[in-house]
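Let's take a walk through this structure together, one element at a time. Keep the model at hand and turn it as you read.

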Amino acid sequence: MDTKRKGLITTRRGALRGMGAAGLLLAAPGLVGRAVAQSGDIIRLGAPFHRTGIGASYGRWYEQTANAAVKLINEAGGINGMQVEMIVEDDGTDPARGVQVMEKFSAEHKVDAVFGHLFSHVVAATAARAGELKMPYFICSEAHTLAAGALNRYVFQPSITDVKSQVISMAPWISQNLGKKVTLIYPDFAFGYDHRDNFTAAIAAQGGSIVANIAIPPTETSFTRYLPQIPADTDVIYHVMVGPAVLTFVKELGDYLGSSGPKLFGFMDSLEAVRTDIEALSFLEGSYFWEAMPRYAQANQTEFDKFFREKVGVDASGAAVGDENDVSTYSHMFSVWETLFAMKQAMELSGYKGPDQKQAMLEAMESITSFAESNEFPQGDKVFNGKTHQSFGHQNISKVVSGKLEVVYRTTIEETLYEDEVDYTTMSF
């Protein structure tokens, strides 16, 4: 293995040196129980996963991925000589419950940090409470809310890119290859509005326009009444849906469009945890999807992707090993794995030993400038902006070919960058 690809992080002071640091981790034993460890002997991490509600499919795979990462960390000696205990609470994919869970992590479990939230409406509600409780909060979401300056200094998104970054890198390819008159179909909450607002600006910059905005409640179970809103002059339907009814959405979209509809560009959210190679979705053949991490192992698959799939129990098609119908949320769940290793690095940089050093750990996180592709960061190299607390990485455009997803374009990180909108380092703790 090329040792330069095993690097973990760089700080602003040692950016070039850090990219060559070795950091391969080995397989690991299970979690340490609270009953056998004394205070100060372990690091407790709160994990508010969406075990129920519209995010349940994500929550299940986030939890499985986090368990695998914690096992790996503990086998390699833990963090600063302390083993890691992950405490899971179900937030029900509900904002109010998310706040309650954050309070429980602080008052009852007395965790060192919290990580794992995905759905943006839960993040938005919970982040303010995390700040009030002075609780380090590492989100695995994609909303632009953090980088836009709407949250606080305790919140970080180190290992998954935000919607604004994603769409500004996708818009040029869409306009050049699919068309310039776009109908947007998106969930009717903050995550969907991020797509609407940022893609509208991004496609306008390419000389295109949005001919219709169709917002659909994420709890909707039937979509046929929305589809007649698609204008006849649409070149491209840009769709991003979430929740348990995503298969129904894409099936009904296919039934409505037939074989002569506009071209399709979807975000993989519309098909996370859903097989693409089934007859009901044959109409998607030749259409395109955004993926953060390609579900299907590609011809040029990296050793890091192989390692990650093995540890989290996912096969080359993105399904659970031994069950082709149990499809993972592969385009998102890597963020939980990578976030844990980002937190580990911040704790090691600061020599973290306990809650009195939370501020030092957060300042160490702000000092990091990049993560190198490795077993710890299998999705790819990333640039981390300590001022905005946001990560920037590669994006993938995949085409449906014979029911599988083949990457046809992978962006550079430079294509995903935008001007800073906040500097959290100027805010007090």
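A good place to begin is the set of elements that cover the buried residues of helix 10, among them strand 4, strand 5, strand 6, helix 9, strand 14 (368-371) and strand 15 (382-385). Helix 10 itself spans residues 358-367, and its buried residues are K358, M361, L362, A364, M365 and E366. Bear in mind as you look that this is a predicted model. Its mean pLDDT over the chain is 91, and 91% of the residues reach 70 or more. Please treat residues 1-39 with care: pLDDT stays under 50 there, although the model has 100 contacts beyond four places in sequence for this stretch.

From helix 10, step across to helix 9, which covers residues 330-350 and holds T339. Is T339 buried or exposed? With a relative accessibility of 0%, T339 falls below the 20% cut-off and therefore counts as buried. Setting aside neighbours within four places in sequence, you will find T339 in contact with F115, F138, I139, C140, P158 and S159.

Now for the sheet. Strands 4, 5 and 6 belong to an open sheet of 5 strands, in the order 3-2-4-5-6 and with parallel pairing. Its edges are strand 3 (83-90) and strand 6 (155-156), each of which pairs on one side only. Strand 2, residues 42-49, runs parallel to strand 3, and 8 bridges join the two. To pick out one of these pairings, find R44, whose bridge partner in strand 3 is E85. Helix 3 (residues 95-109) packs on this sheet, where it touches strand 2, strand 3, strand 4 (113-115) and strand 5 (137-138). The direction of helix 3 makes about 145° with that of strand 3.

The last stop is a pair of helices. Two packed helices are described by the angle between their axes and the distance between the axes. What are these values for helix 2 (residues 56-75) and helix 8 (residues 303-312)? Helix 2 and helix 8 pack at an angle of about 105°, and their axes lie 9 Å apart. The two helices are therefore roughly perpendicular to each other. On the helix 2 side, the contact is made by W61, Q64, T65, A68 and L72, which meet F307, F308, K311 and V312 of helix 8. Sorted by class, this contact comprises 6 nonpolar, 2 polar and 1 charged residues.

Technical notes. Residues numbered from 1 in each chain as written. Predicted model: local features only at pLDDT ≥ 70, side-chain atom pairs only at ≥ 80, totals over all residues. Heavy atoms only, no water. Pairing = 2+ DSSP bridges. Helix = DSSP H or I, 4+ residues; strand = E, 2+ residues; numbered from the N terminus. Contact = heavy atoms within 4.5 Å. Axes fitted to C-alpha atoms, helices over the stretch in contact; angles between N-to-C directions. Parallel < 35°, antiparallel > 145°, perpendicular 65-115°, else oblique. Nonpolar A, V, L, I, M, F, W, Y, C, P; charged D, E, K, R; others polar. Buried < 20%, exposed > 50% of the residue type's maximum accessible area, 1.4 Å probe, protein only. pLDDT = per-residue confidence, 0-100.
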